Amino acid sequence: MSTTSAPRPAGIAATLSTLYAVRFVFQLVWALVLILTASAGLGPVSITLLLLYPLFDVVAAIVDHRASRGTGPSPLLYVNMGLSLVAAIGLAFAVASGIPAVMVVWGLWAITAGAVQLIVALRRRRLGGQWPMILSGGISVLAGAGFIAGSVNSESVAGVGGYAILGAVFFLVSAVRLQRAARADGTGAVRA
């Protein structure tokens, strides 16, 4: 295969399946540690975790972009990388202002990144395994609005951990479905 040809859908599905499985593990561990440390307020551990999450998202988007070159969603993946970098920078400033500011920044990021995830997943439906990502993107938009609406009364960032656990479950379901789709490629099997 030459470096200029588009990757086969099975290869993309397999790479995305692995990426989503890694994201599942990262998000689950991240969320559990955040929830366990959230009662201490914005301490060094929770601040580090809050900054780490969007930076991990940038790395994941880079891996995703490399796997899916030539398939359409690449410009949106650049948007996602930019949004995640801006979120990390915004969170770095927001932690100095307190939990309500953190929740507003996190909410804005959840809305915008969720919208991008939704669009990318809709464009990737032919790969299979995208319905969990479509749902996750939509839920992220709604959760982000909830984070912003509730930011004034926020006393903990634990809710962000619950949001990440739900996202982790969607990544796991999508990883399993993509793995099945990758195996079925070329057999004419219907993928969802």
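# A chat about a six-helix chain

Reply: Residues 24 or more positions apart account for 76% of the contacts in the chain with a separation of 6 or more, where a contact means heavy atoms within 4.5 Å. This is a predicted model, in which local features need pLDDT of at least 70 and side-chain atom pairs count only at pLDDT 80 or more, while totals for chains, interfaces and linings use all residues. Residues are numbered from 1 along each chain as its sequence is written, and side-chain values use heavy atoms, with hydrogens and water left out.

Me: ok, so how many helices and strands are there in the chain?

Reply: The chain has six helices and zero strands, and its pattern along the sequence reads α-α-α-α-α-α. Both kinds of element are DSSP runs numbered from the N terminus, with helices being H or I of at least four residues and strands being E of at least two.

Me: and what share of the residues count as buried?

Reply: Of the 192 residues of the chain, 45% count as buried. Buried means under 20% relative accessible area, exposed means over 50%, and partly exposed lies in between, with a 1.4 Å probe and protein chains only.

Me: how many salt bridges does the structure hold?

Reply: The structure holds one salt bridge, a term for a side-chain nitrogen of Lys or Arg within 4 Å of a carboxyl oxygen of Asp or Glu. The side chains that meet in it are those of Asp 57 and Arg 23, at 2.4 Å from N to O.

Me: which parts does that pair tie together?

Reply: Asp 57 lies in helix 2 (residues 44-67) and Arg 23 in helix 1 (residues 9-37), so the pair ties together parts that are 34 residues apart in sequence. As general background, side chains of opposite charge can pair when their charged atoms come close.

Me: are Asp 57 and Arg 23 buried or exposed?

Reply: Asp 57 counts as buried at 6% relative accessibility, and Arg 23 is buried as well, with a relative accessible area of 11%. Not counting residues up to four places away in sequence, Arg 23 touches Phe 56, Asp 57, Ala 60 and Phe 171.

Me: staying in helix 1, what does Ser 17 contact?

Reply: Ser 17, which is found in helix 1, is in contact with Ala 175, Leu 178 and Gln 179, leaving aside its neighbours within four places in sequence. The side chain of Ser 17 also makes a polar contact with the side chain of Gln 179 at 3.3 Å. A polar contact is a pair of N or O atoms within 3.5 Å; within protein, one must be able to donate a hydrogen and the other to accept it, and residues adjacent in sequence count only if both atoms are side-chain atoms. Ser 17 counts as buried, at 5% relative accessibility.

Me: switching topic, how do the axes of helix 3 and helix 4 cross?

Reply: The axes of helix 3 (residues 74-94) and helix 4 (residues 99-123) come within 9 Å and cross at roughly 170°, with axes being lines fitted to C-alpha atoms, for helices over the stretch in contact, and angles running from 0 to 180 degrees between N-to-C directions. The two helices are therefore roughly antiparallel to each other, since angles under 35 degrees count as roughly parallel, over 145 as roughly antiparallel, 65 to 115 as roughly perpendicular and the rest as oblique.

Me: which residues make that contact?

Reply: Among them are Leu 76, Val 79 and Asn 80 of helix 3, together with Trp 106, Trp 109 and Arg 123 of helix 4. The residues of this contact divide into 15 nonpolar, four polar and one charged, where Ala, Val, Leu, Ile, Met, Phe, Trp, Tyr, Cys and Pro count as nonpolar, Asp, Glu, Lys and Arg as charged, and the others, Gly among them, as polar.

Me: what about the glycines, where is Gly 161 found?

Reply: Gly 161 is found in helix 6 and counts as buried at 0% relative accessibility. Leaving aside its neighbours within four places in sequence, Gly 161 is in contact with Trp 30, Ala 31, Leu 34 and Ile 35. Gly 161 and Leu 28 are 133 residues apart in sequence and 8.5 Å apart in space, C-alpha to C-alpha.

Me: and what does Gly 144 touch?

Reply: Gly 144, in helix 5, touches Gly 107, Ala 110 and Ile 111, not counting residues up to four places away in sequence. Gly 144 is buried, with a relative accessible area of 0%.
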